[in-house]
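Hi everyone, thanks for coming. I'll put a structure up on the screen and then talk you through a few parts of it.

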Amino acid sequence: MTGLRVLAVDDELPALEDLAYLLRADPRIAEVATARDGAAALRLLDRAIAQGRPVDAVFLDIRMRGLDGVVLGRLLSQFASPPKVVFVTAYEEHAVDAFEIKAEDYLLKPVRAERLAEAVRRVCVAADAPEPVRAEPDTIPVELGGVTRFVSSSDVVYVEAQGDYARLHTHGASHLVRISLNTLEERWAAAGFVRVHRSHLVAVKHIEELHLDSGRCTVRVRGAEIPVSRRHTRELRDLLVRRARKGRAD
């Protein structure tokens, strides 16, 4: 592919100038346009399309006056040929929004040159691919030291609700993400996760033991003892029995 045409959007001029400077220093980028707000960005994008020179990627701040980055990102996703979106923000809590919009990357300010270079690489790969490379629906973005990684449901043992957040417990680690347990329950049902308590989802394949003691039910999942509410006890027990019978039949 030829050099990328990109648009940088940020309502803070110093941040916008720094981002544009780093982008122009990347040899994979041919043109860098800038906009100070969402409305100006849309006008520039419309003009570029009318001229037959559409923008390949938008590097987009989230918290801006007027049209914020999340709303603008959703509008861009509805274009007939949407530009790739890379969010550039000082806030971690919008990673799930970025995931749902199918952003190519999510960078935290202050932006490091090497991290921006990786985002440009992802845009280049996605722009060349005949089918856009997206995270699978059973993955979720997790911010680790300024790098957004996608954790697969297959790596998660159980999930614990913590207010407006959910803590994903994997093998030897845990990750706090801003997403509700109800959303994860719906999204990961096909991946074998079941609700056992108002505060817990578990991966059925990782359940080692089920305990019933004086009307209290718990399951052991990779060494952790997870409470099972009364309303979920019978349903879970029946599910485990069916799985055991199926395993013997196979």
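I'll go through some strands, one annotated residue, the salt bridges and finally the cysteines.

First, some housekeeping. This is a predicted model, so local features need pLDDT of at least 70 and side-chain atom pairs count only at pLDDT 80 or more, while totals for chains, interfaces and linings use all residues. Residues are numbered from 1 along each chain as its sequence is written, and side-chain values use heavy atoms, with hydrogens and water left out.

Okay, strands. When I say helix or strand, I mean a DSSP run, numbered from the N terminus: H or I over at least four residues for a helix, E over at least two for a strand. Let's start with strand β1, residues 4-9. Five of its six residues are buried, so β1 is largely enclosed by the rest of the structure. Buried here means under 20% relative accessible area, exposed means over 50%, and partly exposed is in between, using a 1.4 Å probe and protein chains only.

Which strands does β1 pair with? Two strands pair if DSSP finds at least two bridges between them. With β2, residues 29-35, β1 runs parallel and shares six bridges, and Leu 7 sits opposite Ala 33 in β2. To get from β1 to β2, the chain passes through helix α1, residues 13-24, and this β-α-β crossover is right-handed. That means that with the strands pointing away from you, the path from the first strand over the helix to the second runs clockwise. β1 also pairs with β3, residues 57-60, again in the parallel sense, over four bridges. There, Val 6 stands opposite Ala 57.

Now find Asp 61, in the loop between β3 and α3 (69-77). An unreviewed UniProt entry annotates Asp 61 as "modified residue: 4-aspartylphosphate". UniProt positions are given in the numbering used here, feature names are shortened, and annotations may be inferred rather than shown by experiment. Is Asp 61 buried or exposed? It counts as buried, because its relative accessibility is 5%. Leaving aside residues up to four places away in sequence, Asp 61 touches Val 9, Asp 10, Asp 11, Gly 69, Val 88, Thr 89 and Lys 109. Touching, or contact, means heavy atoms within 4.5 Å.

On to salt bridges: a side-chain nitrogen of Lys or Arg within 4 Å of a carboxyl oxygen of Asp or Glu. By that rule, the count is 14. One of them joins Glu 31 and Arg 53, at 2.0 Å from N to O. Glu 31 is in β2, while Arg 53 is in the loop between α2 (38-50) and β3, 22 residues apart. Glu 31 is partly exposed at 35%, and Arg 53 is partly exposed at 37%.

Then look at Asp 105. It forms a salt bridge with Arg 115 at 2.7 Å, N to O. Asp 105 is in strand β5 (residues 105-108) and Arg 115 in helix α5 (residues 113-128), and both residues are buried. Asp 105 also meets Arg 122, at 3.4 Å. Since Arg 122 is in α5 too, this pair ties together parts 17 residues apart in sequence. Asp 105, Arg 115, Glu 118, Arg 121 and Arg 122 are linked in a network of salt bridges.

Last stop, cysteines. A disulfide is a covalent bond between the sulfur atoms of two cysteines. Here, how many disulfides are counted? Zero, using a cut-off of 2.5 Å between the sulfur atoms. Cys 124 is buried at 14%, and Cys 217 is buried at 3%.
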